[in-house]
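Good morning, and thank you for coming. I should like to take a few minutes to walk through one protein model with you.

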Amino acid sequence: MSEKDTNFNFDVRDINIEDFDYMLPDERIAKFPLAGRDRSKLLVYRKGEVSESVFARLPELLPTGSLIVFNNTRVIRARLLFTKETGAHIEIFCLEPDEPRDYAQSFQSRGKCQWICLVGNLKRWKSGTLTKTIRIQNKEVSLTAERLANTTTDATQTVVFCWDEPSLTFAEILEAAGVLPIPPYLHRDTEQSDLQTYQTVYSKIKGSVAAPTAGLHFTPEVLNELDRRGFHREELTLHVGAGTFKPVQTSTIGEHEMHSEFFSVERETLSNILAHLGNITAVGTTSVRTLESLYHLGCSLTTDFSANLTVPQWRPYINDQPDIPPAEALQNIINYLDSNNLFRLNASTRIIIVPGYRFRIVNNMITNFHQPKSTLLLLISAFVGDDWTKVYNYALTHDFRFLSYGDSSLLYGQ
C-alpha cells in the first residue's frame, strides 16, 4: 500500500513539532555516565502519577511476571579518519553494509567490502582513493577507501574499502582503525572510557552506530535480581543508525523522513513474546520500535508470505491496513519462518511512532530522557499522552540528568 494512499490519516502527519519543545539547559545534558551504572535516578510514571527511585531498585518496580525485552546490538567503531596528501581531513562514517548486505558477513569479509556511509568534508574528496596505514598484530596494513558514483539517498555515499592483509576481517580493521561514535550533543571527543561505558553489559551483535542507551543502566547485579524474582528476559537486535541523532527540521512531522534500520528476532523469542502478550516491558525506544514493527509486519503476512519484510514509515496510520489481534500477527510471522525453514526473522523498519499511534505489543517501557522536538520525544508522547510534559517537568525540576548518559525512567502504559 502506498504511503500516499488517499485513505491515509493525514491528521497524524499534521502534528506540529513545536508542540514538543522544552527548554533543556546544556548543564542538564550528562557528558559522562555515573561511576555506577545502576546508581542513576529512575523516574516512575504510573496512572498519571510521577515518583522517583534509583535504577538498582528496578526489579522491585516492574510488573510481576513481565517479559523484559532487550536490544543486544553492539556499537561499532564506525568512524574512519583519513588524511589526503593535501592535508584535508576526511571522515567516513560507516552506516550499514552494502556488499555483502548481511552485517555478520560484512564484518567477516576479508580484503574487501562495501558500505553505505556519511562522509565529512565531502567537498574535499571529489575523486581518487584515500589511504591510511594501520598497525594490527605487529603488521602494517594499508587500508584504502574509494567512493563510488552516488546512487544512495540522504547525502550518503557508497564506499569500497580494501586492505592488503587478506587474513584480517573487516571487524578487525574497524577495531584497529575506527573510532567509536558518541552522540554529537556531548560536544567532546570519544575517550577511552567510552569504549566500555557506551556499550550495554549484554551487547553482543555488532552493527550499531549509536548505543540503545536505556540499556546502559543495567548491571550484572540488576540482571541477576530480575532472574531471582522470576522475570523472563528476551533479546532482539535492532542496529541503531545515525538517524537516531537526526533532528526534526520540518514544521510538521509529516515532512520528516525516518531512516531505515535492520532488525533481527529469533523464532523462540517470537514465541515467548506471544506467550506474554499483555505484560511486556521494552528496554529502550529501539526495542519499542522493533516490537511494534513486528505487529505491522505480521499484518502484512496475513495473506501473502511473499510480502516485503520491511515496515514503511507511515504504515500504522493508513486506514485500510489489516487490523488483526497481536497474537495473530505474531503467529503469522512464526508461520512464515516455519514455512521457509528459518529460525530467525531478518527485516527492516522505518516506522515512526507519534501521538495517535495505537500500541499493540508494548505495555511498559524503560527509557532515558530525550531531546526536544525529536522523534523519540514524539514516541514518548504517543505512549503517555499529554503527560509527557508532566514527566519532563518533574525530571527538570528534580535534578535528573538528560540524554544518552543521563538518568532513566520506567513508564507504565495507559
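**A buried serine, and what surrounds it**

I begin with one residue: S53 has a relative accessible area of 13%, and because buried means under 20%, S53 counts as buried. The residue belongs to strand β2, which runs over residues 49-54. Which residues does S53 contact, leaving aside its neighbours within four places in sequence? They are K41, L42 and L61.

Please keep in mind that this is a predicted model. The positions we discuss are therefore those of a prediction.

Let us now step back to the whole protein. It contains 11 helices and 18 strands. Along the principal axes, its C-alpha atoms fill a box of roughly 60 × 50 × 45 Å. How does the radius of gyration agree with that of a compact globule? For 414 residues, such a globule would have a value near 22 Å, and the protein has 22 Å, so the two agree.

As for burial, 55% of the 414 residues count as buried. The protein exposes about 18100 Å², and carbon and sulfur atoms supply 46% of that area. Consider also the contacts between residues at least 6 apart in sequence: 75% of these join residues at least 24 apart. Turning to charge, there are 41 positive and 49 negative charges, and their mean positions lie 4 Å apart.

Next, I turn to helix α9, residues 326-339. What span should we expect of its 14 residues? At 1.5 Å a residue the expected span is 20 Å, and the end C-alpha atoms are 20 Å apart, which agrees. Several residues of α9 are buried, namely A329, L330, N332, I333, I334, Y336 and L337. It helps here to recall a general point: an α-helix has 3.6 residues a turn, so residues three or four places apart point the same way. Within α9, A329 and I333 are among the buried residues, and so are L330 and I334. What covers these buried residues? The cover includes helix α7 (267-275), helix α8 (285-300) and strand β16 (344-349). After α9 comes N341, whose phi is positive, near 55°.

On the other side of α9 in sequence is the loop that joins β15 (310-311) to the helix, and N319 is found there. Is N319 buried or exposed? Its relative accessibility is 55%, and because exposed means over 50%, N319 counts as exposed. N319 and Y336 are 17 residues apart along the chain, and their C-alpha atoms are separated by 25 Å. Y336, as I said, is one of the buried residues of α9.

Two further loop residues make a useful pair. P166 sits in the loop between β10 (157-163) and α4 (170-177), and its relative accessible area of 53% makes it exposed. P166 and S109 are 57 residues apart in sequence, yet their C-alpha atoms are 9.0 Å apart in space. Not counting residues up to four places away in sequence, P166 touches R110 and G111. The other residue is T86, in the loop between β5 (79-83) and β6. T86 is exposed as well, with a relative accessible area of 67%. T86 and C299 are 213 residues apart in sequence, and 55 Å separates their C-alpha atoms.

Finally, I should like to mention some details of the backbone. Most residues other than glycine have a negative phi, and most peptide bonds are trans. Where, then, does this model have a cis peptide bond? One runs from E99 to P100, with omega near -5°. P100 itself lies in the loop between β6 (89-99) and α3 (103-107).

Positive phi values in residues other than glycine occur at K373, near 55°, and at L403, near 70°. K373 is in the loop between β17 (364-368) and α10 (375-384), whereas L403 is in the loop between α11 (388-397) and β18 (408-412). How is each one placed with respect to the surface? K373, at 25% relative accessibility, counts as partly exposed, while L403, at 4%, counts as buried.

To close, I return to S53, the buried residue of strand β2 with which we began. Thank you for your attention.

Terms used. Residues are numbered from 1 along each chain as its sequence is written. This is a predicted model: local features need pLDDT of at least 70, side-chain atom pairs count only at pLDDT 80 or more; totals for chains, interfaces and linings use all residues. Side-chain values use heavy atoms; hydrogens and water are left out. Helices (H or I, at least four residues) and strands (E, at least two) are DSSP runs, numbered from the N terminus. The radius of gyration is taken over C-alpha atoms; the globule rule is 2.2 Å times the number of residues to the power 0.38. Buried means under 20% relative accessible area, exposed over 50%, partly exposed in between (1.4 Å probe, protein chains only). Contact means heavy atoms within 4.5 Å. Accessible areas come from the Shrake-Rupley method with a 1.4 Å probe; for residues, only the protein chains shown count as cover. Lys and Arg count as positive and Asp and Glu as negative; His and the chain ends are not counted. The place of a charge is taken as NZ of Lys, CZ of Arg, CG of Asp or CD of Glu. The expected span of a helix is 1.5 Å times one less than its number of residues.
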